[in-house]
Structures are given as C-alpha cells and as structure tokens.
Amino acid sequence: MPEADAFTRPYWEAAGRGRLLIRRCRAAGCGLAHHYPREFCPRCWSEDVAWEEASGRATLYTWSVVHVNDLPPFGGRVPYTAAVVDLAEGPRMMTEVVGWEESGLRIGMALAVRFRELEGARPAGEPPLCIPVFGALLDAGAEGVRARGARSSSRLPQGDGGGS
C-alpha cells in the first residue's frame with residue numbers, strides 16, 4: 001500500500017478527492033511537468049517545483065495484461081492491464097487500464113483518469129486512499145467506468161472521446 005509522507009500527502013489527498021496532481025518546474029527556461037512526484041526537477045535539478053492539477057487526459061503508450069501476480073493485493077485482481085500512459089501535460093505514467101478488453105486497446109487511444117479506492121487502507125473516518133487508473137474518455141453525459149473496482153471521479157475531463 002502506498003504511504004503518504006509529508007511530501008506526497010497533497011498528491012494522495014487530491015487523489016482521494018478525484019483529482020490527479022503532477023509537479024511542474026517553475027525555474028526560468030524550464031517549466032517541465034513531471035510525474036512521479038519529486039522534490040526537484042528531473043531536467044534542471046531546480047527545487048522550485050509546485051503541485052499542479054492535471055487535466056486527467058492521457059493517451060495509451062503501451063500495455064501488458066498480467067495473468068499471474070502472487071504479490072498482495074494484485075493476486076486477487078488478475079488478469080489486469082498494466083499500462084504506461086502519456087499524460088496530456090507531458091509526463092509518462094505507469095498505471096492500469098480499466099474497462100477494456102485487450103483486443104480493444106490501441107496505442108495512442110484517448111483515456112481519462114479514474115480513481116480506485118484501496119479498501120481497508122485507511123482507518124474509518126479518514127479520507128479514502130485512492131490510486132489513479134485510466135479508462136475510456138467519456139463525454140459529459142456518460143457514466144463512469146466501474147470495472148474491476150475502479151470508481152469514477154466527479155472531476156472527469158469533458159470531451160468528445162476523440163484522440164489527441
């Protein structure tokens with residue numbers, strides 16, 4: 001289970017509210033958006049970086065369907081689709097694709113963030129611990145994907161479902 005520390009707490013709290021955060025360098029001439037969260041820019045090494053809400057839009061870079069995984073909590077969820085996506089803001093992110101059969105996946109397909117609540121990860125009364133996963137890009141009136149334990153965020157990006 002992921003553990004929030006003083007640095008990553010904003011990321012996990014935002015995810016629990018259905019928001020995906022990334023980090024962006026504020027150094028002159030840089031501006032790199034990056035993920036996973038770091039306390040410095042991986043391009044210029046500046047420590048002048050800040051949290052920024054990502055749009056939640058991504059394109060599928062690659063994937064692999066996992067059929068065997070003995071590590072908890074993954075063993076009870078096989079098969080699942082491990083993936084790498086390119087966020088609209090630029091960073092590449094490891095994640096999971098939900099709500100799609102492997103035969104329907106295509107490199108470059110448009111995806112949108114969803115959040116999977118990790119049940120039992122937090123004591124009762126505390127905000128849920130959620131991890132970002134990705135599913136179909138939805139239009140404004142569509143319901144969220146609820147495949148393999150994913151729950152939709154009320155903050156899904158709006159769009160026409162087309163590619164980037």
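This briefing walks through the fold, the salt bridges and some surface features of the structure above. The model is a predicted one. Its secondary structure amounts to one helix and nine strands, and from the N terminus on the order is α-β-β-β-β-β-β-β-β-β.

**Overall picture**
- The protein has 164 residues, of which 41% count as buried.
- About 9000 Å² of the protein is exposed, and carbon and sulfur atoms supply 51% of that area.
- If you take the contacts between residues at least 6 apart in sequence, 53% of them join residues at least 24 apart.

**Salt bridges**
- The salt bridges come to six in total, and three of the pairs are described here.
- R19 and E53 pair through their side chains, at 3.2 Å from N to O. This pair links distant parts of the chain, with R19 in the loop between helix 1 (9-16) and strand 1 and E53 in strand 3, 34 residues apart.
- R19 counts as partly exposed because its relative accessibility is 23%, and E53 is also partly exposed, at 34%.
- E96 and R116 form a salt bridge whose closest N and O atoms are 2.7 Å apart. E96 sits in strand 6 (residues 92-97) and R116 in strand 7 (residues 110-117), so the bridge ties together parts that are 20 residues apart in sequence.
- Both ends of this pair are buried: E96 has 6% relative accessibility, and R116 has 4%.
- R77, E96 and R116 are linked in a salt-bridge network.

**Around R26**
- R26 lies in the loop between strand 1 (21-25) and strand 2, and with 55% relative accessibility it counts as exposed.
- The side chain of R26 meets that of D48 in a salt bridge (3.0 Å, N to O). D48 belongs to the loop between strand 2 and strand 3, so the pair ties together parts 22 residues apart in sequence.
- D48 is partly exposed, at 32% relative accessibility.
- Leaving out residues up to four places away in sequence, R26 touches D48, V49 and A50.
- R26 and C41 are 15 residues apart in sequence, and their C-alpha atoms are 9.0 Å apart in space.

**Other loop and surface features**
- E3, D5, E39 and E47 form a negative surface patch.
- Within that patch, E47 is found in the loop between strand 2 (33-34) and strand 3 (49-53), and E47 counts as exposed because its relative accessibility is 68%.
- S55 is in the loop between strand 3 and strand 4 (57-66) and counts as partly exposed, at 32% relative accessibility.
- The C-alpha atoms of S55 and L87 are separated by 8.3 Å, although the two residues are 32 apart along the chain.

Notes. Residues numbered from 1 in each chain as written. Predicted model: local features only at pLDDT ≥ 70, side-chain atom pairs only at ≥ 80, totals over all residues. Heavy atoms only, no water. Patch = residues over 30% accessible without salt bridge, like charges linked within 9 Å, V, L, I, M, F, W, Y side chains within 5 Å. Areas by Shrake-Rupley, 256 points an atom, 1.4 Å probe, with all protein chains shown as cover. Salt bridge = Lys/Arg side-chain N within 4 Å of Asp/Glu carboxyl O. Lys, Arg positive; Asp, Glu negative; His and termini not counted. Charge placed at Lys NZ, Arg CZ, Asp CG, Glu CD. Helix = DSSP H or I, 4+ residues; strand = E, 2+ residues; numbered from the N terminus. Buried < 20%, exposed > 50% of the residue type's maximum accessible area, 1.4 Å probe, protein only. Contact = heavy atoms within 4.5 Å.
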